[in-house]
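Here are my notes on the model you sent over. I've kept them as numbered points so you can follow along with the structure open.

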Amino acid sequence: MKAGDKLIYTVQTAEKGICWVKAKFRGRPAHGSVPGLGDNALVKMAKGVSRLSTSMPPFRAIPVVRDFITRMLEGMGRPSLADMILTPGLSDSALDLLARENKVLAETFRAMLHDTVTVTMAEGGYKENVVPDYCEAVFDCRILPGSSSEKVISWIRERLGEDVELEILKDQAPSDSPADTPLFKTISEALSKLAPGAEVTPLLSTGGTDSR
């Protein structure tokens, strides 16, 4: 990839884990013409999804991500912006600033610096005139190396409350391999011959691959 005038080749050495979680919201049915007699599970779900969608799990800059962001922004002539992005408390504002210029890069960095929780499916209600007493939503959680599904589920629980049932649909651990290996050295040497002046850097994949 290009970083300013510099060509940077990435070699994936780490990837996020996957945890898919179903949240089940329960209420009390009533006729839609007298909604106050019910407890609308759909409204509960909407509020819960909103709470999860307007915040993120804590900032964490693992070494492979710190190195990647630094190299990319140094190549773009923006080392001070890299320092801000990698500083807790300044990171989100700095990423918002970068997003005005390059939203893809900014949001990729943001996903590399946090566990993420994304609502991807929702279902509820069964009749047009009935207050729903049950709704469910599915969250796609991506877990940084060094974190865990348990930590992210605890973060979700804090925002949804104890009366919401959580079911884990899929759970695969993150992975992080060292770059100080004969294989990585060989790749770097080969690329230096094929593309003189290019850099080679380890990369964290925010998605899942067969690397795990």
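**Notes on the predicted model**

1. Let's start with Asp39: its relative accessibility is 26%, so it counts as partly exposed (buried is under 20% relative accessible area, exposed over 50%, partly exposed in between, with a 1.4 Å probe and protein chains only). Its side chain meets that of Lys44 in a salt bridge, 3.0 Å from N to O; the term means a side-chain nitrogen of Lys or Arg within 4 Å of a carboxyl oxygen of Asp or Glu. Lys44 is partly exposed too, at a relative accessible area of 26%.

2. A word on ground rules. This is a predicted model, in which local features need pLDDT of at least 70 and side-chain atom pairs count only at pLDDT 80 or more, while totals for chains, interfaces and linings use all residues. Residues are numbered from 1 along each chain as its sequence is written, and side-chain values use heavy atoms, with hydrogens and water left out.

3. Back to charges. The salt-bridge count comes to 15. Asp92, Asp96, Lys103, Glu107 and Arg110 are joined into one network by salt bridges that share partners.

4. Now the sheet. Four strands form an open sheet in the order S5-S7-S3-S8, with antiparallel pairing. Strands here are DSSP runs of E with at least two residues, helices are runs of H or I with at least four, and both are numbered from the N terminus. Two strands pair if DSSP finds at least two bridges between them. Strand S5 (116–124) and S8 are the edge strands, each with a single partner strand, so one side of each has no neighbour in the sheet. On average, neighbouring strands are turned by 20 degrees against each other, direction ignored.

5. Strand by strand, S3 (residues 17–26) is mostly covered, with eight of its ten residues buried. Ten bridges tie S3 to S7 (residues 134–143), running antiparallel, and Ile18 has Arg142 as its bridge partner in S7. With S8 (residues 165–172), S3 shares seven bridges, again antiparallel; there, Cys19 is partnered by Asp171. S5 and S7 pair over eight bridges in the antiparallel sense, and Glu123 has Glu136 as its bridge partner in S7.

6. Helix H1 (residues 41–53) packs on this sheet and touches S3, S5 and S7, its direction making about 15 degrees with that of S7. Contact means heavy atoms within 4.5 Å. Axes are lines fitted to C-alpha atoms (for helices, over the stretch in contact), and angles run from 0 to 180 degrees between N-to-C directions.

7. Which residue forms a salt bridge with Lys22? That would be Glu136, with the closest N and O atoms 3.4 Å apart. The pair links distant parts of the chain, since Glu136 is in strand S7 and Lys22 in strand S3, 114 residues apart. Both Glu136 and Lys22 are buried.

8. S3 has a salt bridge towards S8 as well: the side chains of Lys24 and Glu167 meet at 3.0 Å, N to O. Here too, distant parts of the chain are linked, with Lys24 in strand S3 and Glu167 in strand S8, 143 residues apart. Buried or exposed? Lys24 counts as buried because its relative accessible area is 14%, whereas Glu167 is partly exposed at 30%.

9. On to the nonpolar side chains. A nonpolar core is a set of buried Ala, Val, Leu, Ile, Met, Phe, Trp, Tyr and Cys residues joined through side-chain atoms within 4.5 Å. The largest one has 25 residues, and Val65, Ile69, Ile85 and Phe109 have the most contacts inside it. At least two residues each come from strand S2 (6–15), helices H2 (63–75), H3 (79–85), H4 (91–99) and H5 (103–112), and strand S10 (199–205). H2 gives the most to this core, with six residues. Leaving aside neighbours within four places in sequence, Ile69 is in contact with Ala82, Ile85, Leu86, Phe109 and Leu113. Another core lies apart from this one, with 21 residues, including Val21, Val49, Leu52 and Ile143.

10. Last, look at Thr10, found in strand S2. Thr10 is partly exposed because its relative accessible area is 30%. Thr10 and Ser205 are 195 residues apart in sequence and 10 Å apart in space, C-alpha to C-alpha. Outside its neighbours within four places in sequence, Thr10 is in contact with Met1, Phe68, Thr201 and Leu203.
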